[in-house]
Structure formats: structure tokens, C-alpha cells
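Please work through the exercises below with the sequence and the model open beside you, and try each task before reading its solution.

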Amino acid sequence: MDITVIGTGYVGLVSGTCFAEMGHDVTCVDVDEEKVAQLSDGEIPIYEPDLDRYFERARAEDRLRFTTDLAEGIAGSKIVFFALPTPPGEDGSADLSYVLDAAGDVADLLVEADDPEHRIVVNKSTVPVGTGDRVEEAFADRGLDIGGEVDVVSNPEFLREGSAVDDFLKPDRVVIGTESDRAAETMKRLYEPFVRQGNPVLVVDRRSAEMIKYAANSLLATRISFMNEIANVCERVGANVDKVRLGISKDHRIGPHFLYAGIGFGGSCFPKDVQALARKGREKGYDFQILDAVLDVNDQQRRRLAEQVEDYFDGDLDGRRIAVWGLSFKPGTDDTREAPSHVIIDYLLERGADVVGYDPEAIETTKETFGDQIAYADGMYEAVEGAESLLICTEWHEFRRPDLGAVREHLENPLVLDGRNLYDPARMAEMGFEYHSIGRPSYAPETNQEAIEAAIVENGQP
Ligand code: UDX
């Protein structure tokens, strides 16, 4: 099938590449000339595991092309996907201008081409419920026959950064929102090869499809904020959130996923989608109370390590060197949007701290925000050199098993605040660290130098 993907951001690029991997002819369209030139030269502007492999193969077999010319991009195409940004506008609601402008442009071209072929226009971006109707209007307003010449479908994506390619190729489910049987059949055929392991392609009405995306992300975000509050109470009653998580996750009604306490959720989806759903409720006269609490708890949790280090130094962070490990919002990506680390760094900078950051992938993206306001280390041990505290914000693999003896030696003051529960609190205390994690007991650090040295030798790797 000939497929067009409009928008070569993260979702567009992954979708286009994966459709090409399944043998379709894909043309990706973007207004950004530089980006199109870069992609046409074989350069991928984002970091996403496995994307390069499939991208190179599709390009080598000439099944993946890039252009800035929309007319060329949609010529002969059966399905046109919109994978366009919907950034929050001034009042916080999703700005739909990219999606609606593209719909108008595609509609104009279809009128001009006067081509009787049936087309399916699919919205992949996360858009407020009812956006599909507005896209459809753009086509109807130009005299195109809805159902005859064009069908507008909602097909939300559930891709996680860092495993987006795998999520696309092996989805838990595919959601198709349309009232048109013809469009539903074509979409089912398109997705059949992706769901060979028996996962469903669900066809629902368009508004429900749009709602499914918000409901899924909001429920996941609610689980995280809920577990973060459980962790905060665990600390106060002397319980351990890791054990609590294990205990509740064995209840099949709860299950094991998305129950990890930490320093809050970030990324381009959860904060934005939870906000958008709460706003939609209000707009329709409904006060979605849980979601307001989910966001408040998340704000509180994202500040937590910064407040803890401030308390430890009795409110005086001025000129203190603080190391931050992990700058992306989660491991496996260089994306720092809404990252807890950035909230923490902002807080520390406002109080005059000297921050030194380290991340395996996200140094460049962090520089875009903080520039030379903070220092950047080339490695994790260099970051802690002479620091008075280490704050761990992301659970990258290399942070899970560091040489803690080296960390202890490099730190000027052995304070470690771990936002991702990576180490055993008792062993950290034995090694002489003042170690605090999330929702787990803390132990007084060992002060006997001989015992510390013995623990460092014995426990270099926790
Ligand atoms: C999310 C959704 O999972 C995906 O389906 C949707 O399409 C886009 O948003 P993503 O933002 O890539 O994907 O990240 P995800 O892996 O879901 O993690 C989101 C945030 O929650 C991260 O900050 C992560 O650290 C945090 N998290 C996740 C927790 O704090 N605890 C958990 O148990 C799980």
C-alpha cells in the first residue's frame, strides 16, 4: 500500500519506518527543509533503539522517502497519517493548528487533483476528543464526499520512548476509531501483520478512540502518583514500598506494571495528557478531581530530592557542588521534556548551587535548556568528583551497578539521594553513605573508618 506520513517527529518517523518495514511504500512529509534533507541523507535526528536498523533497510530498498512537497507526498497514497505536534497553547489547551492546517492543505490538493480514489486520513497525534470531527469538516467544507472520497479515522499511538519500535511492531492492541466499514477494513488489513500474536485490532467509534488514549495515559499516571504517595506514607510508618509493591502486584486485578515509586513522571505524554483530560472535563462542566491530585502529587514528587538536599544543608545550597546522575526523563532516551531532573536542577540553581550533570545520552538536550548554567561531566565518576551530594534521577543501567567504592572516594560528602531505589539501603549505610531513597527505610551511616573501608572493598558492587 502507498502510505503518507505527515510530520517526521518521533511518532511520524517511527510509524513511517515500521510501515515500510512491513513492506509498504512510505513517503514522509515535513515542512522543515533541513530535517527532510538530513533524513534523505540517512541521518536520524532522534535516538530510539533499533530505529536506525529498520530505517536503513527501508531506505536501501527504496520504501521510505522524505519530501517537503505535500502534493508529491500524497500523490497516489491510499492512507495519509497525521503525526503532527499538538503543543499546549497559551491557555494550556492543545493547539490544533498544525493538524487543522494540514487537513485543509490535503483537502485543497485532493480537490485540485480531482482524483476519484477513496482516501483515508488518519490522525495519530494525541488530540482532544472531537478533533476528528473538525478534521472531517475541513474536508466536507471543501466539497469532498465524506465516506465516498475521504474517511477520517482516529488511530492513537501507545509508543513508549526507548521501546517505540518494538511497541509499534508488536502492539498490545491497535485502536481504530471510525464509523466507516470501508475504512475499518483497510485499516485492519494494514495492521494485521503487526498483531500476529493474537492481540486485537479494536474498531470503535472515533470519539471513543480519541478518549482511549487519554484514559490509558491518565490511568497509568494515576498509578504512579498513587504509588508515590504510598511510598511517602511507607517512610512515615516504617514500611518498605518495594515490598508493598510486590505484595499488591500479585493480585491479578492489580498486576505488576507501573507501580514503581520514584521522583514522578515526565516525558512528552503523561503530564500533557493528564492536564488535557482534566481540562476537557472542566470545559464540559465536570471537575475531574483525581487528575488534579495526580498532577499535584507529581509536582511535589519531582521537587523532592532538591528539597531533601536543601534541608540536609539547613537551607544553604549557595556554592555547593551537587552532582546529578540521569538527565533524561527516563532511561533509553535523550528526551528531557518534563524530566524530574530538570525540575530539580532549576530548584538547585535558584538557590545558588553548582550543579554538575551526567547522562549517557541526554547531555546535548540538557544543554539546550541549561546551557552553561550547569557543568557537564563526561562520566559518572567525574560527575561526583568533589561533590557534596549525589542525586540519582534516572535508572540507566550503568547507574545500577557502579563501583560504589569509587563513588564514596570521589564524593566530598557521602550524601546520596536516590530517586529510583537502585541500591540496598543497609549496605549503603555500611559503606558510610548517608543514603535516602523513596519509600524505604534509611539507616545511620557507618562512621568507623575501618568498617567503611572493609565494606567498600567487599561491597564495591552492590
Ligand atoms: C507514555 C506511555 O507509556 C505511552 O503508551 C504513550 O504513548 C506515551 O506516554 P513514555 O512517556 O515514553 O510513554 O514513558 P513511560 O515509559 O510510560 O514512562 C513515563 C514516566 O513514568 C517516566 O517518567 C517514568 O520514569 C515514570 N514511571 C513509569 C514511574 O515513575 N513509575 C513506573 O512504575 C513507571
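**Exercise 1: the setting of Ala261**

In this predicted model, Ala261 is in contact with Met227, Asn228, Ile230, Ala231, Val241, Ile438 and Gly439, once its neighbours within four places in sequence are left aside. Task: locate Ala261 among the helices, and decide whether Ala261 is buried or exposed.

Solution. Begin with the position, which is in the loop between helix 10 (241-249) and helix 11 (270-283). Next, take the count of 28 other C-beta atoms within 10 Å; because a residue is called buried at 20 or more, Ala261 is buried.

**Exercise 2: the recorded binding site**

Task: UniProt, in an unreviewed entry, places the feature "binding site" at a set of residues that includes Leu159, Lys213, Ala261 and Lys330; work out whether the set gathers at one spot or not.

Solution. The recorded residues span 173 residues in sequence, and the farthest two C-alpha atoms are 23.7 Å apart, so they do not all gather at one spot. One of them, Leu159, lies in the loop between strand 6 (150-154) and helix 7 (164-169), and counts as buried with 20 C-beta neighbours inside 10 Å.

**Exercise 3: helix 9 and the ligand**

Task: state what helix 9 gives to the shell around the ligand, and check its length against the expected span.

Solution. Helix 9 (residues 206-237) supplies 3 residues, the largest share of the shell. At 1.5 Å a residue its 32 residues should span 46 Å, and the end C-alpha atoms are 47 Å apart, which agrees. Just after helix 9, Gly238 takes a positive phi of about 75 degrees.

Note on methods: Residues numbered from 1 in each chain as written. Predicted model: local features only at pLDDT ≥ 70, side-chain atom pairs only at ≥ 80, totals over all residues. Helix = DSSP H or I, 4+ residues; strand = E, 2+ residues; numbered from the N terminus. Expected span 1.5 Å × (residues − 1). UniProt positions renumbered as here; feature names shortened; annotations may be inferred. Buried ≥ 20, exposed ≤ 12 C-beta atoms within 10 Å, placed from the backbone. Contact = placed C-beta atoms within 7 Å.
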